[in-house]
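User: I've got a model open and I'd like to learn how to read it. Can you walk me through it, feature by feature?

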Amino acid sequence: MKRLLRASFLLNKSILEEKIKQTSCNYHIVFIYVGKFLPKFQDINSSIKKIFNLIRDTEHFY
């Protein structure tokens, strides 16, 4: 699971890089997976994209 999350994060971190440059803020992101089965990479990747787009599009994210 850790390997899949890391790979998805590295593929999609460019979504957040522009937001970080504009706001000059740091983000601490923690992913917690609670489940019995290992999900497919495509499912993880789509979830990470949704989360990153939400953070990018939110004006003030606390």
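**Reading burial, packing and confidence**

Analyst: Happy to. Let's begin with one residue: I55 has a relative accessibility of 4%, so I55 counts as buried. I55 belongs to helix α3.

User: Before going on, what kind of model is this, and what pLDDT does the protein average?

Analyst: This is a predicted model. The mean pLDDT over the protein is 87, and 94% of the residues score at least 70. As a general habit, where pLDDT is low, the predicted coordinates should not be read in detail.

User: In which helix is confidence lowest, and in which is it highest?

Analyst: The low end is helix α2 (residues 14-23), with a mean of 83, and the high end is α1, at 93.

User: OK, now the overall layout. How many helices and strands are there?

Analyst: Count the elements, then read their order. Here you get three helices and zero strands, and the order along the sequence is α-α-α. For the extent, the C-alpha trace spans about 40 × 20 × 15 Å along its principal axes.

User: What share of the residues counts as buried?

Analyst: Of the 62 residues, 19% are in the buried class. You can also ask how far apart in sequence the contacting residues are. Taking contacts with a separation of 6 or more, 79% are between residues 24 or more positions apart.

User: Let's do helix packing. At what angle do α1 and α3 pack?

Analyst: For a helix pair, look at the angle, the axis distance, the handedness and then the residues in between. Helix α1 (residues 2-12) packs on helix α3 (residues 41-57) at about 45°, and the axes are 9 Å apart. That angle is why α1 counts as oblique to α3. Their crossing is right-handed.

User: Which residues make that contact?

Analyst: On the α1 side you have L4, L5, A7, S8, F9, L11 and N12, and on the α3 side F41, I44, N45, I48, K49 and F52. By class, the contact of α1 with α3 has nine nonpolar residues, three polar and one charged.

User: S8 is a serine in that list. Is S8 buried or exposed?

Analyst: Check the accessibility, then the neighbours. S8, a residue of helix α1, has 0% relative accessibility, so S8 counts as buried. Leaving out residues up to four places away in sequence, S8 touches F41, I44, N45 and I48.

User: And N45, one of those neighbours: what does N45 touch?

Analyst: N45 touches S8 and N12, with residues up to four places away in sequence again not counted. N45 sits in helix α3, and its relative accessibility is 13%, so N45 counts as buried.

User: Now the other pair. How do α2 and α3 pack, roughly parallel or oblique?

Analyst: Same recipe as before. The angle between α2 and α3 is about 15°, with the axes 9 Å apart. Because angles under 35 degrees fall in that class, α2 is roughly parallel to α3. This crossing is left-handed.

User: Which residues of α2 and α3 meet there?

Analyst: From α2, I15, L16 and K19 meet K49, F52, N53, I55 and R56 of α3. The classes in the contact of α2 with α3 are four nonpolar, one polar and three charged.

User: So I55, where we started, turns up in that contact. How many residues apart in sequence are I55 and I15?

Analyst: Put sequence separation and spatial distance side by side. I55 and I15 are 40 residues apart in sequence, and the C-alpha to C-alpha distance is 9.2 Å. For another pair, take K21 and S46: they are 25 residues apart in sequence and 24 Å apart in space, C-alpha to C-alpha.

User: Is K21 buried or exposed?

Analyst: K21 lies in helix α2. With 65% relative accessibility, K21 counts as exposed, whereas I55, at 4%, counts as buried.

Technical notes: Residues numbered from 1 in each chain as written. Predicted model: local features only at pLDDT ≥ 70, side-chain atom pairs only at ≥ 80, totals over all residues. Heavy atoms only, no water. Axes fitted to C-alpha atoms, helices over the stretch in contact; angles between N-to-C directions. Helix = DSSP H or I, 4+ residues; strand = E, 2+ residues; numbered from the N terminus. Parallel < 35°, antiparallel > 145°, perpendicular 65-115°, else oblique. Left-handed = near helix turned anticlockwise from the far one by under 90°. Contact = heavy atoms within 4.5 Å. Nonpolar A, V, L, I, M, F, W, Y, C, P; charged D, E, K, R; others polar. pLDDT = per-residue confidence, 0-100. Buried < 20%, exposed > 50% of the residue type's maximum accessible area, 1.4 Å probe, protein only.
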